[in-house]
Amino acid sequence: MCGIIGYIGKKNVVPILIEGLKKLEYRGYDSAGIAVVDDGPILRRRAKGKISVLEDVLKQDEVKGNYGIGHTRWATHGRPSEENAHPHQDCTGDIVIVHNGIIEKYMDLKTQLSFEGHKFQTETDTEVIAHLIEKYFQENLEEAVRQAMEHLEGEFAVAVISSRDRDKIVLVKQGPPVIVGLGENEYFISSDVNPLLLYTKDVVFLNDGEMAVIEREGVTYSDFSGKLLKKKIDHINWNPLMIEKSGFKHFMLKEIFEQPRVIRDTLKGRISMDKGKVLLGEIGLPPERIKSIRRVVILACGTSFNASLVGKYFIEEIAGIPVDVEYASEYRYRNFILDKNSLVVAVSQSGETADTLAALRALKVKKPLTLAVCNVESSSIARETAGLLMTHAGPEIGVAATKTFSAQMTALMLLALYLGQINESMDKDTGLSYIKELQRIPTKIESILSQTEGLEKLAKKFISASHFLYLGRWANYPIALEGALKLKEISYIHAEGYPSGEMKHGPIALIDDNMPTMAIAPKDRIYEKIMSNISEIKARSGYVIAVAYEDDKEIEAKVDAVIRIPAILPLLSPFLTTVPLQLFAYYIAAARGADVDQPRNLAKSVTVE
Ligand code: G6P
């Protein structure tokens with residue numbers, strides 16, 4: 001949520017900042033700006049809208065320099081406008097900052113600083129930081145920043161430059177992620193690794209309460225009290241090609257098509273066909289603690305929540321352990337009923353979602369075993385749990401999550417099998433049949449992806465729809481939620497996901513010929529029940545599209561359209577049913593001309609509450 005970038009070196013900083021901001025644009029895109037320094041004063045250029053608008057501004061009103069900072073915004077305080085766009089400055093324009101996060105009680109600080117004579121120009125919480133630094137500035141920028149930090153509450157990653165203490169960027173972290181990239185005689189700062197991949201793979205992750213002073217000669221790390229720190233250099237093994245569209249029209253489409261690879265990678269090295277076992281020693285939780293687990297609580301938000309719900313069906317079915325899946329934003333304020341026999345699993349693509357992180361931190365007083373299912377190894381959530389189960393999806397750029405959803409389901413299935421193995425609730429043959437089927441999933445998805453024309457044609461019939469109902473049952477109830485979420489997010493068509501059996505308790509009142517229904521109907525143990533639900537809709541003139549197995553011939557006569565998927569062990573059907581629903585949402589949104597990769601008002605990584 002909001003992206004920060006910065007560079008100091010010998011090159012022209014402007015293209016580096018702009019390219020970096022484009023890579024961070026998924027974090028927020030309602031306005032953007034840069035501040036650069038050459039020989040004279042700090043020069044700022046800002047624009048409302050996407051980075052492309054900022055590029056136009058820069059064409060008209062060029063700047064250059066060899067260090068600077070930039071920002072792409074997702075508004076929290078103050079509407080999206082040029083005036084509220086970062087970088088923000090103090091009264092003189094000598095101190096300029098970019099910020100990701102939220103400053104709590106900023107109005108108190110603003111009132112106090114205004115009383116002391118500071119002149120505010122924006123509606124943002126961020127601007128108080130610039131004025132606070134101005135207040136404490138004498139000669140040394142990092143000293144002023146350090147003193148300002150003492151008065152700030154909330155969540156912030158802030159980068160600061162000053163024309164009164166030149167050739168340095170001061171960076172602080174108390175919440176949102178921020179990274180220093182180490183190049184050859186040049187340094188970078190960024191909210192995530194994506195913008196750095198073109199230049200360096202050596203990075204340093206700042207922890208909360210830490211500060212970096214980045215100069216041409218090197219980087220000095222310290223805590224907020226000024227104590228010097230020695231930081232570990234991490235090596236990133238992602239490559240720049242991973243964040244290109246590779247010929248696809250949108251990142252989302254590319255990422256949907258990557259799912260077979262993602263599932264293969266997430267399974268790789270974690271399955272032994274000889275032993276018929278899942279090998280998850282890598283997660284770092286002692287088997288004797290795992291054996292004592294009596295309850296699992298999964299915390300997540302958004303698409304990760306829906307993947308976690310699928311995980312609930314996997315774990316309960318295979319390992320026989322009760323699972324609660326909780327919205328982290330709700331759970332963090334609840335009375336945590338947990339003990340040392342509880343396993344808390346935080347599922348998060350980014351590993352930085354503020355609610356998930358806060359819930360995790362708050363519940364630790366109960367000392368449960370904690371595990372992260374995460375796509376970013378160096379993220380806060382991955383670092384703050386006892387165990388880590390990585391999803392190997394690679395970077396996901398489309399704001400609407402697709403491949404990471406499949407990777408999370410894969411990881412949760414592996415976890416279910418591992419728990420079942422350790423607590424001996426699953427016999428070897430059952431385990432083996434799941435393992436074999438898991439390995440066949442990528443090929444089955446490839447077969448869905450090899451024939452998408454029919455699906456695209458069908459989707460295009462609905463470009464003017466205003467509403468959609470998604471129904472699923474048992475392990476596919478979460479897929480109904482996820483299908484509806486995808487459609488809402490990228491096409492802005494209102495959609496509701498519902499458990500089919502609940503339809504008669506409310507949503508059935510909505511059914512008429514303007515409310516199409518997507519019914520997920522694999523041949524599982526409750527297939528007949530879903531068919532009854534479909535009949536109830538048809539009896540009320542509803543249009544029904546069914547997602548059904550290729551060999552299900554009888555369904556054709558009962559619905560208006562069928563989307564086919566290969567047959568699969570029913571518990572694993574969510575891996576297949578989800579793919580056409582992602583594509584369906586994609587084709588509708590693309591045909592409506594929507595901004596598929598960067599839907600309005602959303603951000604990929606939500607680092608504020
Ligand atoms: C945002 C994103 C979603 C994502 C959710 C949770 O809302 O737009 O795609 O599912 O955050 O993010 P996480 O990184 O914790 O999985």
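Let's start where α7 meets α13. On the α7 side, the contact (heavy atoms within 4.5 Å) uses Gln259, Arg261, Val262, Ile263, Thr266 and Leu267. On the α13 side, the partners are Lys403, Ser406, Ala407, Thr410, Ala411 and Leu414. By class, that contact has six nonpolar, four polar and two charged residues. For the classes, Ala, Val, Leu, Ile, Met, Phe, Trp, Tyr, Cys and Pro are nonpolar, Asp, Glu, Lys and Arg are charged, and the others, Gly among them, are polar.

A word on the model. It is predicted, with local features needing pLDDT of at least 70 and side-chain atom pairs counted only at pLDDT 80 or more, while totals for chains, interfaces and linings use all residues. Numbering runs from 1 along each chain as its sequence is written, and side-chain values use heavy atoms, with hydrogens and water left out.

Now the geometry. Two packed helices are described by the angle between their axes and the distance between the axes. Helix α7 covers residues 259-267 and helix α13 covers residues 403-422. Helices here are DSSP runs (H or I, at least four residues), strands are E runs of at least two, and both are numbered from the N terminus. The axes of α7 and α13 come within 9 Å and cross at roughly 30 degrees. Axes are lines fitted to C-alpha atoms, for helices over the stretch in contact, and angles run from 0 to 180 degrees between N-to-C directions. That makes α7 roughly parallel to α13. The cut-offs: under 35 degrees is roughly parallel, over 145 roughly antiparallel, 65 to 115 roughly perpendicular, and the rest oblique. The crossing of α7 and α13 is right-handed, meaning the near helix is turned clockwise from the far one by less than a right angle; anticlockwise would be left-handed.

Next pair: α15, residues 453-460, and α18, residues 574-591. Their axes come within 8 Å and cross at roughly 55 degrees. So α15 and α18 are oblique to each other. Again, α15 passes α18 in a right-handed crossing. From α15, the contact takes Leu455, Glu456, Leu458, Ala459 and Lys460. From α18 come Pro580, Leu583, Phe584, Tyr587, Ile588 and Ala591. Nine of the contact residues are nonpolar, none polar and two charged.

Third pair: α3 and α4, the latter residues 127-136. Their axes sit 10 Å apart, at an angle of about 45 degrees. α3 and α4 are therefore oblique. This crossing is left-handed. Tyr106, Leu109, Lys110 and Leu113 of α3 touch Val128, His131, Leu132 and Lys135 of α4. The split is five nonpolar, one polar and two charged.

Just before α3 there is a backbone point. Lysine 105 sits in the loop between β6 (95-104) and α3 (106-115). Its phi is positive, about 50 degrees, although it is not a glycine. Another one: histidine 86 and proline 87 are joined by a cis peptide bond, omega about -5 degrees. Proline 87 is in the loop between β4 (67-73) and β5 (88-89).

Last, the ligand. Of the 13 residues around it, Ser304, Ser348, Gln349, Ser350 and Thr353 come nearest; around means a heavy atom within 4 Å. A polar side-chain atom of serine 350 is 2.6 Å from a ligand oxygen. For glutamine 349, a backbone N or O atom lies 2.7 Å from an oxygen atom of the ligand. Threonine 303 places a polar backbone atom 2.9 Å from a ligand oxygen.

Methods:
Polar contact = N/O pair within 3.5 Å; in protein donor to acceptor, adjacent residues only side chain to side chain.
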